[in-house]
Amino acid sequence: MVLPSSLTLDMALFIFGAVVGSFLNVCIYRLPAGRSIVSPGSTCPHCDTPIRWFDNVPIASFLILRGRCRSCGGRISPRYPLVELLAGLVPVLVAHRFGLTPASAAYVVFIWALIAITFIDLDHQIIPDRISIPGTILGLILGATILPVGWTGSLLGAVLGGGLFYLIAVASRGGMGGGDIKLIAMIGAFLGWQAVFLTILISALAGSAVGIYMMAVRGKGRKHPIPYGPFLVLGAVVYLFYGSEIIGWYLGVRG
Ligand SMILES: [Zn+2]
């Protein structure tokens with residue numbers, strides 16, 4: 001396994017990822033509205049002035065313009081550079097964990113898609129089919145070719161994850177959304193059936209903790225549903241990076 005350690009490579013990976021993050025911002029903003037993610041170019045959310053290329057440099061432009069539009073001075077959400085920062089870190093962290101391999105490239109694309117899903121779900125409580133369905137198909141193709149899960153693990157993961165959540169949705173009469181079903185199928189396709197169990201476990205623990213916190217501290221109850229997608233994403237990413245350690249620890253504890 002190649003372990004890149006050079007700072008230059010890390011910088012190049014980060015810049016590449018941050019540029020993709022800029023595109024993810026477009027997806028997060030436009031996909032739920034059913035708008036094209038290709039054209040027109042980015043505009044200010046306040047005054048609709050087209051943003052010129054030198055004001056659209058990931059992270060840097062936000063810092064230089066101090067989070068304001070050059071034309072109207074309207075505030076630009078710090079979420080834009082946050083998404084770019086996260087997207088930039090993804091290829092750096094994946095390369096350090098898994099080396100520069102075809103599988104690593106697949107994981108990077110996977111996590112980028114999960115970042116877009118997370119913020120769209122936080123904003124709109126939906127997980128767009130335009131990400132999760134092609135994502136599941138891509139996961140199955142990559143699972144059969146370059147990912148360590150192999151085609152059986154990938155197919156089992158998608159069917160098991162999607163099937164399990166479908167049953168929960170039927171049993172709870174709508175307590176589980178259709179978007180979550182397709183998201184766990186996508187996670188299963190990329191990471192395999194073992195990932196499905198750990199992802200659900202981790203997401204349930206994290207979701208319960210946040211739910212209790214919201215009710216206790218903020219007094220929010222059932223009328224303010226917390227989207228579940230971001231917790232599934234958290235579970236999947238934790239599994240991807242630490243799954244083998246968690247399973248090893250668990251087997252060690254048991255055995
Ligand atoms: Zn503006």
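## A tour from the α1–α2 loop to the α5–α6 loop

Begin by selecting P40, which is found in the loop between α1 and α2. The model on screen is a predicted one. Display the backbone on the N-terminal side of this proline: the peptide bond that joins S39 and P40 is cis, with an omega of about -5 degrees. For context, most peptide bonds are trans, and most residues other than glycine have a negative phi.

Remain in this loop and select I59, which also belongs to the segment between α1 and α2. The phi of I59 is near 60 degrees, a positive value although the residue is not glycine. Is I59 buried or exposed? With a relative accessible area of 18%, I59 is buried, because the limit for that class is under 20%.

**The zinc site**

Next, select the zinc ion together with C44, C47, C69 and C72. The SG atoms of these four cysteines are the protein donors, and they lie 2.3 Å from the ion. What geometry do the donor atoms give the site? It is tetrahedral, with angles of 103 to 117 degrees among the four donor atoms. Along the sequence, the donor residues follow the spacing C-x2-C-x21-C-x2-C. Because C44 sits in the loop between α1 and α2 while C72 sits in the loop between α2 and α3, this pair ties together parts that are 28 residues apart in sequence.

Colouring by accessibility separates these two donors. C44 is buried, at 1% relative accessibility, whereas C72 is partly exposed, at 40%.

**A cysteine away from the metal**

Now select C27. This residue is buried, its relative accessible area being 7%. Measure from its sulfur to the sulfur of C44, the closest one in another cysteine: the separation is 19 Å, which is too far for a bond. A disulfide is a covalent bond between the sulfur atoms of two cysteines. The search for disulfides across the whole structure returns zero.

**The second largest pocket**

Proceed to the second largest pocket, whose volume is about 590 Å³. To centre the view, select S42, T43, I51, N56 and I76, which are the closest to the pocket centre among the 33 lining residues. Then show the helices α1 (7-30), α2 (60-64) and α3 (79-98), each of which contributes at least two residues to the lining. Which helix gives the most to this lining? It is α1, with six residues. Colouring the lining by residue class shows 16 nonpolar, nine polar and eight charged residues.

**The later loops**

Move along the chain to Q125, located in the loop between α4 (102-124) and α5 (129-145). Its backbone merits a check of the torsions: the phi of Q125 is near 55 degrees, again a positive value in a residue other than glycine. Q125 is partly exposed, with a relative accessibility of 44%.

The last stop is I146, in the loop between α5 and α6 (150-171). I146 counts as partly exposed, at 35% relative accessibility. Add A105 to the selection and draw a C-alpha to C-alpha distance: I146 and A105 are 9.8 Å apart in space, while 41 residues separate them in sequence.

Notes
Residues numbered from 1 in each chain as written. Predicted model: local features only at pLDDT ≥ 70, side-chain atom pairs only at ≥ 80, totals over all residues. Heavy atoms only, no water. 1 Å grid on protein atoms, 1.4 Å probe; cavity = no way out; pocket = protein on both sides within 12 Å on 5 of 7 lines; lining within 4 Å. Points joined across faces, edges and corners; volume = space filled by probe spheres on them. Helix = DSSP H or I, 4+ residues; strand = E, 2+ residues; numbered from the N terminus. Nonpolar A, V, L, I, M, F, W, Y, C, P; charged D, E, K, R; others polar. Donors = N, O, S within 2.8 Å, 3.2 Å for Na, K, Ca; no water. Tetrahedral: all angles 85-135°; square planar, octahedral: opposite > 155°, others 65-115°. Buried < 20%, exposed > 50% of the residue type's maximum accessible area, 1.4 Å probe, protein only. Disulfide = S-S within 2.5 Å.
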